[in-house]
Amino acid sequence: MAFYLKNSRNIINNLKSKVGLSSLMKQHSCSCLNHNNYCRFPASTATSPFAPQLNNLDLNSHKRGCLFMSQRFESTIAEKQFASVQNGEDNQALDFPGGKIIFSPDMRFLSESPSAHTYCFRVLDDNGQLIKQSNYIQVSEEIAVKMYSDMVTLQTMDTIFYEAQRQGRISFYVTTIGEEAINIASAAALTSDDFVFPQYREPGVLIWRGFTLQEFANQCFGNRADYGKGRQMPIHYGSNKHKYFTVSSTIATQIPHAVGAAYSLKMDKKDACVVTYFGDGGTSEGDFHAALNFAAVTEAPVIFICRNNGWAISTPTSDQFRSDGIAVRGQAYGVQSIRVDGNDALAMYSAVHTARKMAVNEHRPILIEAVTYRVGHHSTSDDSTKYRPAEEIEWWRMARDPVTRFRKWVESNGWWSSEAETQLRSSIRNQLLHAIQMAEKVEKPPVEELFTDVYDDLPSNLREQEKLLRETISRHPQDFPADVPH
Ligand SMILES: Cc1ncc(C[n+]2csc(CCOP(=O)(O)OP(=O)(O)O)c2C)c(N)n1
Ligand SMILES: [Mg+2]
């Protein structure tokens, strides 16, 4: 052990003398080239052995936020590391790489939760009326009507695809009932340059971006026109055109991916951000925590939207975590956060619109906790009345429906009527029935597509599997679906 310690100390000393690490470490604490509040850079780079490399860097990058080194906390030179705190007591502050450490003679444990609950931002009351003095971003008539129409489209699509699953026409489905405002209002507040890393309960973002009902139906029926070539279960949508990464139902895996993508947008100096959606259940995964920390440190332009709908299948949030919801966790990682009423489309629009500006202009991650309720069963494989009272579901369906609430506001502006409502609902219903009929008629992708698109040259084990599959089909043709070419 002593040998290793001695050896590693030697290695460090060697490194220090070779690359001037100790001088750099001291210089690190000096002030940066530009006192931009989100950029710090070693000051005397010209005298350090790293100077040639550093001089080749685009030093103007500090204006947009440094890529590799930036701290929002101030730091001072080593000799001044100790400073008296100006509270008139004996306390002192220690300058520390991660920020100031304030000493205190009091032994005080931080409480496990804040003394007051985190506020939940809302603009519309339950009756769709504007709450006085609410701080929101106004939307035009055109945007408001599109938002409302897309919420109705999503609601109708859910009803019809759910029925199609019950009739055995598709194998599986997940509804978004109760979460239409989160889907549509957040999408409306983004630009088409922004990338989306979804969970699985956000098809409304695709509706907003122009994914057609036929494209939804093709995916759910896994036919030849499905971009995933029928390899995924229904509802695993994806679209290159709409910058919507394909749904991966392995919980929370999309969250670190989103941060990596956001970091690359920042490196490429793009005027865009990444938005990732996940449920309350996703926050119990390690990926959520790693992603938040990674985003904070790299100052990546990413918006985390957590749909806190109360349930992760049958597990209520009270059995998942003990924090005061999810927004508070952002602070632990140094990420600005807000809790929003997810059933209030105007509040969601305002929060995401503002978050996007902050993410893109200031290069920072933002966490939004959208409080809502999963009104539908988790999926068609679930019966949620087995673990929650039917009255609870009914109350959310009736009293807190985000679609009705937004409709009341749109109507109160004179932008909507009951005639427009009847016409919209019947038109979407007809379009959906037609899309399903068409999707059913399109043949399935051929068997060989099961093996393609991963390797350029099919490896021997996959060739073997394909051969075995074909032999099995010819031995048992009656057991093989007639509509799959082979
Ligand atoms: C890593 C992983 N663990 C477990 C599952 C099984 N599973 C599928 S959905 C789900 C619940 C997710 O709940 P939440 O994130 O709150 O999303 P919601 O369904 O409520 O929208 C679970 C546990 C999974 N898909 N992936
Ligand atoms: Mg949930």
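In which sense, parallel or antiparallel, do strand 4 and strand 5 pair, and over how many bridges? The first of the following legends takes up this question, and each legend describes a close-up of a predicted model.

**View 1. The open sheet and the pairing of strand 4 with strand 5.** Strand 4 and strand 5 pair in the parallel sense, and 3 bridges connect them. Within this pairing, valine 196 has valine 275 of strand 5 as its bridge partner. The two strands belong to an open sheet of 5 strands, whose order is 4-5-6-10-9 and whose pairing is parallel. Strand 4 (195-197) and strand 9 (336-341) form the edges, since each of them pairs on one side only. On average, and with direction ignored, neighbouring strands of this sheet are turned by 20° against each other.

**View 2. Helix 8 on the sheet.** Helix 8, which spans residues 254-267, packs on the sheet and touches strand 4, strand 5 and strand 6 (302-308). The direction of helix 8 makes about 170° with that of strand 5.

**View 3. The surroundings of ligand 1.** There are 16 residues around ligand 1, and those that come nearest are Ile251, Gly279, Gly281, Gly282 and Ala312. Two elements, strand 5 (274-279) and strand 7 (311-312), give two or more residues to this shell. Sorted by class, the shell around ligand 1 consists of 5 nonpolar, 7 polar and 4 charged residues.

**View 4. The crossing of helix 5 and helix 11.** The axes of helix 5 (residues 180-188) and helix 11 (residues 345-362) come within 8 Å and cross at roughly 40°, so that the two helices are oblique to each other. The crossing of helix 5 and helix 11 is right-handed. On the side of helix 5 the contact is made by Ala181, Ile182, Ile184, Ala185, Ser186 and Ala188, and on the side of helix 11 by Ala345, Met348, Tyr349 and Val352. By class, this contact of helix 5 with helix 11 comprises 9 nonpolar residues and 1 polar residue, with no charged residues.

**View 5. The hairpin of strand 2 and strand 3.** Strand 2 (residues 92-96) is joined to strand 3 (residues 99-102) by a hairpin that runs through 2 residues. The two strands pair in the antiparallel sense, over 4 bridges. Within this pair, leucine 94 stands opposite isoleucine 101 in strand 3.

Terms used:
Residues are numbered from 1 along each chain as its sequence is written. Chains are lettered from A and ligands numbered from 1 in the order in which they are written. This is a predicted model: local features need pLDDT of at least 70, side-chain atom pairs count only at pLDDT 80 or more; totals for chains, interfaces and linings use all residues. A residue is near a molecule or strand if its C-beta atom, placed from the backbone, lies within 6 Å of it. Ala, Val, Leu, Ile, Met, Phe, Trp, Tyr, Cys and Pro count as nonpolar, Asp, Glu, Lys and Arg as charged, and the others, Gly among them, as polar. Two strands pair if DSSP finds at least two bridges between them. Axes are lines fitted to C-alpha atoms, for helices over the stretch in contact, and angles run from 0 to 180 degrees between N-to-C directions. Angles under 35 degrees count as roughly parallel, over 145 as roughly antiparallel, 65 to 115 as roughly perpendicular and the rest as oblique. A crossing is left-handed if the near helix is turned anticlockwise from the far one by less than a right angle, and right-handed if clockwise. Two residues are in contact if their C-beta atoms, placed from the backbone, lie within 7 Å.
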